[in-house]
Amino acid sequence: MELLTIGQVAARAGVATSALRWYESQGLIEATRTAGGARRYQRSVLRRLAFVRAAQNVGLSLAEIRSALATLPEGRTPTARDWTRLSAGWRDRLDERIAALVQLRDGLGSCIGCGCLSLERCALTNPGDVVAAEGPGARRLAPVLRRVPPVSNSRGTTTAP
């Protein structure tokens, strides 16, 4: 069985070596160690990394990704069927993000196009700055685009930022 160095995996996966060490510390990937302590990865880690990147692009948190990966069988390389099963629940989430992004795209021209560039005085979207009463942040942005992913601490527990 061919093992890959951290540099080889980073180059093939298109991620920094620091990201690989982080993913390993978060339980997303595994490495063995040489007698000198250098990391060595099985080639199958490349599939896991592709899954992690895809899941992050969908908007899954590292905790959600870790939970999904924990359902994969041990002792064999995951199959296409395994990956299909894991990603089946992403469709609704992707549709929600796509709808929010389309709404954002379509709304950009109308607001920027009016030329006022001031939400405090804008008669179209925020007359009298009424949105300020709703609280901080981008209140007119679709909720799916306002989500802030949870942060994992050094103990592996997830908290809101």
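Here are four short exercises with worked solutions on this predicted model.

**Exercise 1: the overall layout**

Work out how many helices and strands the chain has, and in what order they come.

*Solution.* Start with the tally: the secondary structure comes to seven helices and five strands. Next, walk along the sequence, and you'll read the pattern β-α-α-β-β-α-α-α-α-α-β-β. Now look at burial: of the 161 residues in the chain, 25% are buried. Then check the surface, where the accessible area is about 10,600 Å² and carbon and sulfur atoms own 55% of that. Last, take the contacts with a separation of 6 or more: 51% of them join residues 24 or more positions apart.

**Exercise 2: two helices that meet**

Find how helix 1 and helix 2 are arranged, and say which residues bring them into contact.

*Solution.* Two numbers get us going, since a pair of packed helices is described by the angle and the distance between the axes. Helix 1 covers residues 6-13 and helix 2 covers residues 17-25; their axes come within 9 Å and cross at roughly 100°. Angles of 65 to 115 degrees count as roughly perpendicular, so that is the label for helix 1 against helix 2. Now for the residues: helix 1 brings Ile 6, Gly 7, Val 9 and Ala 10, while helix 2 answers with Thr 17, Leu 20 and Arg 21. Sort the residues of this contact by type and you get four nonpolar, two polar and one charged.

**Exercise 3: rings in company**

Track down the aromatic pairs and classify the one between Phe 51 and Trp 90.

*Solution.* Searching the whole structure turns up two aromatic pairs. For Phe 51 and Trp 90, the ring centres sit 5.4 Å apart and the planes make an angle of 35°, so this pair is tilted. Where do the two residues lie? Phe 51 is in helix 3 (residues 45-58) and Trp 90 is in helix 6 (residues 90-113), so the pair ties together parts 39 residues apart in sequence. Both Phe 51 and Trp 90 are buried. Finally, bring in Trp 83: ring pairs link Phe 51, Trp 83 and Trp 90 into a cluster.

**Exercise 4: the surroundings of Arg 12**

Decide whether Arg 12 is buried or exposed, and list what it touches further along the chain.

*Solution.* First, place the residue: Arg 12 belongs to helix 1. Its relative accessible area is 57%, and exposed means over 50%, so Arg 12 is exposed. Leaving out residues up to four places away in sequence, Arg 12 touches Arg 43 and Leu 46. To finish, compare sequence with space: Arg 12 and Leu 46 are 34 residues apart in sequence, with 7.5 Å from C-alpha to C-alpha.

Key:
Residues are numbered from 1 along each chain as its sequence is written. This is a predicted model: local features need pLDDT of at least 70, side-chain atom pairs count only at pLDDT 80 or more; totals for chains, interfaces and linings use all residues. Side-chain values use heavy atoms; hydrogens and water are left out. Axes are lines fitted to C-alpha atoms, for helices over the stretch in contact, and angles run from 0 to 180 degrees between N-to-C directions. Helices (H or I, at least four residues) and strands (E, at least two) are DSSP runs, numbered from the N terminus. Angles under 35 degrees count as roughly parallel, over 145 as roughly antiparallel, 65 to 115 as roughly perpendicular and the rest as oblique. Contact means heavy atoms within 4.5 Å. Ala, Val, Leu, Ile, Met, Phe, Trp, Tyr, Cys and Pro count as nonpolar, Asp, Glu, Lys and Arg as charged, and the others, Gly among them, as polar. Rings of Phe, Tyr and Trp (its six-membered ring) pair if their centres lie within 6.5 Å; planes under 30 degrees apart count as stacked, over 60 as edge-to-face and the rest as tilted. Buried means under 20% relative accessible area, exposed over 50%, partly exposed in between (1.4 Å probe, protein chains only). Accessible areas come from the Shrake-Rupley method with a 1.4 Å probe; for residues, only the protein chains shown count as cover.
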